[in-house]
Amino acid sequence: MSEKALNTRLLPEIQPMLRLSFSMRLQKIGLNPLLLTGLLLLALVVLAAIGAPLLTPYNPIEQSLNELFIPPLSPHHILGTDNFGRDVWSRIVYSTRLDLQIGLISVLFPFAFGSLMGIATGYLGGRLDTLFMRVVDVLMAFPFLILVVAIMSILGPGLTNLYIAVGIVGWIPYARIARGETLAKRHLEYVEAARTTGCSTARIMLRHILPNVIAPGLIYVFTGMVLAILTGATLSFLGLGAQPPTPEWGAMIADGREFLLIAWWITALPGLALLVVGVALSLIGDGLAERR
């Protein structure tokens, strides 16, 4: 059998091995396809947010009443214009900054506070843990979005009140995760050793338990960011989040809902951007969970 014929015959058998080898190389450096795809998508989104002034020559809030409802792929407006003549591409790119900011800020306090509360109640137990679980049970009885909308209706619209509302409600999952991990680890050998050597309770919780229970909470941070961004978009859609003319994906979707039949792109394209960011963060969370 000739060498060419042998190579042709073996090629279908070798290709799966090559693909497996590439996947194994990714696993060896601590990555997997889900994590790598999510990181690449998120990197593109972050670069778009950072380079927004360089990616578009238009002001995202400047109106041009002579250029209403220009469709996508037009010479000067690649994604068209909206009902005020504003460039849709500019508004989507600049919205990326705000929505990533909402996602990041909205999880920082809930993650820190919830993790510390979960570790404290899980380690100390007793009445504190009982009281904590009753509060959590009450808050868990209501849907997350309903509680946020109720708080926003009291505080009023605006981004600052959005961060406060999400912070008041968003710490619960992190606290539950940290508490469960702490309950599983508070009687392990290294904790007992620290206790017998005279370490204070605060030192045991912060020095010995925290580093060993924080990983699941960090993984959930990416899911929390997706939830926060979707919540911010929903509140903006309802008029409780970012206020006009600030470009924000939820507000853009709300602006275009009256013109779906004549200008679908005003609503569809911000929705697509929201989907891409949500998928990127979800893939990162899933990839980290698999790696763990």
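These are my notebook entries on a predicted model of a helical protein chain.

**Entry 1. Overall make-up**

I began with the secondary structure of the protein chain and found twelve helices and zero strands. Read along the sequence, the pattern is α-α-α-α-α-α-α-α-α-α-α-α. I then looked up burial: 43% of the 292 residues in the protein chain are buried. For contacts between residues at least 6 apart in sequence, I noted that 71% join residues at least 24 apart.

**Entry 2. Helices α4 and α7**

I next examined how α4 and α7 (residues 159-170) pack. Two packed helices are described by the angle between their axes and the distance between those axes. Here the axes come within 8 Å and cross at roughly 40°. The two helices, α4 and α7, are therefore oblique to each other, and I recorded their crossing as right-handed. On the α4 side, the contact is made by L98, Q101, I102, I105, S106, F109 and P110. On the α7 side, L159, L162, Y163, V166, G167 and G170 make the contact. What is the class make-up of the contact of α4 with α7? I listed nine nonpolar, four polar and no charged residues.

**Entry 3. Aromatic pairs**

I searched the whole structure for aromatic pairs and obtained seven. A pair of aromatic rings is described by the distance of the centres and the angle of the planes. For F109 and F113, the ring centres are 5.5 Å apart and the planes stand at 10°, so I entered the pair as stacked. Both residues belong to helix α4, where F109 and F113 are four residues apart and thus separated by about one helical turn. F109 is partly exposed, with a relative accessible area of 48%; F113 is also partly exposed, at 33%.

I then took F132 and W171. Their ring centres lie 6.1 Å apart with the planes at 45°, so this pair is tilted. Which parts of the chain does the pair tie together? F132 lies in helix α5 (residues 126-140) and W171 in the loop between α7 and α8 (172-185), so the pair ties together parts that are 39 residues apart in sequence. I found F132 and W171 both buried. I also noted that F109, F113, F132 and W171 form one aromatic cluster. One of its members, F109, is also listed in the α4 and α7 contact.

**Entry 4. Backbone in the loop between α3 and α4**

I looked for positive phi values in residues other than glycine and noted F69, with phi near 55°. F69 lies in the loop between α3 (52-55) and α4 (88-124). Is F69 exposed, partly exposed or buried? At 27% relative accessibility, F69 counts as partly exposed. L73 likewise has a positive phi, near 65°, and its place is in the loop between α3 and α4. L73 is exposed, with a relative accessible area of 75%.

**Entry 5. Prolines in loops**

I checked P157, which sits in the loop between α6 (144-155) and α7. P157 is partly exposed, with a relative accessible area of 47%. The C-alpha atoms of P157 and L238 are separated by 9.8 Å, although these residues are 81 residues apart along the chain. Which residues does P157 touch, not counting residues up to four places away in sequence? I recorded M152, G239, L240 and Q243.

I then turned to the peptide bond from P244 to P245, which is cis, with omega near 5°. P245 is in the loop between α10 (201-237) and α11 (249-256).

**Entry 6. Helix α11**

I closed with α11, the helix that follows the loop holding P245. Is α11 largely enclosed or open? Seven of the eight residues of α11 are buried, so α11 is largely enclosed by the rest of the structure. I listed the buried residues as W249, G250, A251, M252, I253, A254 and G256. These buried residues pack against α4, α10 and α12 (265-291).

Definitions and conventions: Residues are numbered from 1 along each chain as its sequence is written. This is a predicted model: local features need pLDDT of at least 70, side-chain atom pairs count only at pLDDT 80 or more; totals for chains, interfaces and linings use all residues. Side-chain values use heavy atoms; hydrogens and water are left out. Buried means under 20% relative accessible area, exposed over 50%, partly exposed in between (1.4 Å probe, protein chains only). Axes are lines fitted to C-alpha atoms, for helices over the stretch in contact, and angles run from 0 to 180 degrees between N-to-C directions. Angles under 35 degrees count as roughly parallel, over 145 as roughly antiparallel, 65 to 115 as roughly perpendicular and the rest as oblique. A crossing is left-handed if the near helix is turned anticlockwise from the far one by less than a right angle, and right-handed if clockwise. Contact means heavy atoms within 4.5 Å. Ala, Val, Leu, Ile, Met, Phe, Trp, Tyr, Cys and Pro count as nonpolar, Asp, Glu, Lys and Arg as charged, and the others, Gly among them, as polar. Rings of Phe, Tyr and Trp (its six-membered ring) pair if their centres lie within 6.5 Å; planes under 30 degrees apart count as stacked, over 60 as edge-to-face and the rest as tilted.
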